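Biologist: I have a model open and would like to talk through the words people use for it. Could you take me through the reasoning behind them?
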Amino acid sequence: MERQGSAKVIAKHQPKQLRTRRNDHGAGRMNIQPMRELVRRRGNYGVDAPYVLSGFAAGGVVLLGAAAISTWVVHMPALAGVCLVSAAWMFAQVASYLYTTRRGKFVVWAKLLSAAGLRGDERIVDLGCGRGAVLLMAAQLVPRGTVTGVDLWRTIDQSGNDPELTRRNAEREEVADRIELLTADLRAVPLPDDSFDVVLSSLAIHNLPDATARDQVIDEAVRLLRPGGTLFIADIRAISAYAERLRHHGMADARTRGLGWRFWYGNPFVAAKLVTARKQA
Ligand SMILES: C[S@@+](CC[C@H](N)C(=O)[O-])C[C@H]1O[C@@H](n2cnc3c(N)ncnc32)[C@H](O)[C@@H]1O
């Protein structure tokens, strides 16, 4: 029943997708979805590391309380001023965090994936896909391909994390026909060597407990990628270490770069960066 329902929705939107695809084939190399279609999300993707956001908000409230006490109870206006400025900083971080997790990261990934030159028939894996923010966007770009999401669905890392929610999001985004979800630890992914054209990962690998564990995930990413395939990892920590490990594996063109303010989790000190690399053919 569910399958029939989603097939119906796909049919309803087909003319628009086909029209776009013809235009882009004319251009010779572009994918089939315009940026604004990719950024427009229909699913519900939750909040990354929700306890961090709650921490910023709670800090802001406590500082506001301290400002009130400094003003009206202990009569220390200078201290009240410091508390107010600090509270404003906390609420600014809440705003930045909320923007990034609900909108900014989608804009950034839409740009990255649009520029990836996908043909539309690739096999893609997303390591630590969570509720599908990147997984399902990638799926929109490969109507003749498959996209596999691997995760342990930890709710500490993303609110409401659950494969059932990811599946529901896939239906809302009209890509349920091409996604597969796999419950597995990123350190040992039970999928064959050289089996993907593209490996993606967004904000997942830093959650591993130490550098050895993170290296194991990078090793798995390289193993899963076919010769000639491309890898994109965005993360808020250890990007240079990932690049170094990729070079150690002989990956070509391993490069890192910042992803801008849209991918700041509260402030510029918690900014996501990107590493890209290609497996030698
Ligand atoms: C912050 S969420 C990001 C999810 C998704 N990539 C996104 O950008 O919305 C991090 C994800 O990594 C997953 N994760 C953390 N450690 C993992 C592990 N050892 N194996 C598999 N998944 C893991 C969590 O369950 C969570 O879904």
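Biologist: Happy to start with the ligand: how do the residues of the shell around the ligand divide into nonpolar, polar and charged?

Modeller: Bear in mind that this is a predicted model. The shell divides into 11 nonpolar, 6 polar and 5 charged residues. In total, 22 residues surround the ligand, and the closest are Gly128, Gly130, Ala133, Arg154 and Ala204. Of these names, Ala counts as nonpolar, Arg as charged and Gly as polar.

Biologist: Why are H7 and H8 called oblique to each other?

Modeller: The axes of helix H7 (residues 211-224) and helix H8 (residues 239-248) cross at roughly 50 degrees. Roughly parallel needs an angle under 35 degrees, and roughly perpendicular runs from 65 to 115. The pair fits neither, and H7 and H8 are therefore oblique. Their crossing is right-handed, and the axes come within 10 Å.

Biologist: Which residues meet in that contact?

Modeller: Ala211, Arg214, Asp215, Ile218 and Val222 in H7 meet Ala241, Tyr242, Arg245 and Leu246 in H8. That contact has 6 nonpolar residues, no polar ones and 3 charged ones.

Biologist: What makes E3 and E6 edge strands?

Modeller: The open sheet has 7 strands in the order E3-E2-E1-E4-E5-E7-E6, with mixed pairing. Strand E3 (179-183) and strand E6 (252-258) each pair on one side only, as edge strands. From one strand to the next, the twist averages 15 degrees.

Biologist: How do you know that E1 and E2 pair?

Modeller: Pairing takes at least two bridges, and 5 bridges join strand E1 (residues 123-127) to strand E2 (residues 146-151). These strands run parallel. One bridge partner is Gly149 in E2, matched with Asp126.

Conventions:
Residues are numbered from 1 along each chain as its sequence is written. This is a predicted model: local features need pLDDT of at least 70, side-chain atom pairs count only at pLDDT 80 or more; totals for chains, interfaces and linings use all residues. A residue is near a molecule or strand if its C-beta atom, placed from the backbone, lies within 6 Å of it. Helices (H or I, at least four residues) and strands (E, at least two) are DSSP runs, numbered from the N terminus. Axes are lines fitted to C-alpha atoms, for helices over the stretch in contact, and angles run from 0 to 180 degrees between N-to-C directions. Angles under 35 degrees count as roughly parallel, over 145 as roughly antiparallel, 65 to 115 as roughly perpendicular and the rest as oblique. A crossing is left-handed if the near helix is turned anticlockwise from the far one by less than a right angle, and right-handed if clockwise. Two residues are in contact if their C-beta atoms, placed from the backbone, lie within 7 Å.
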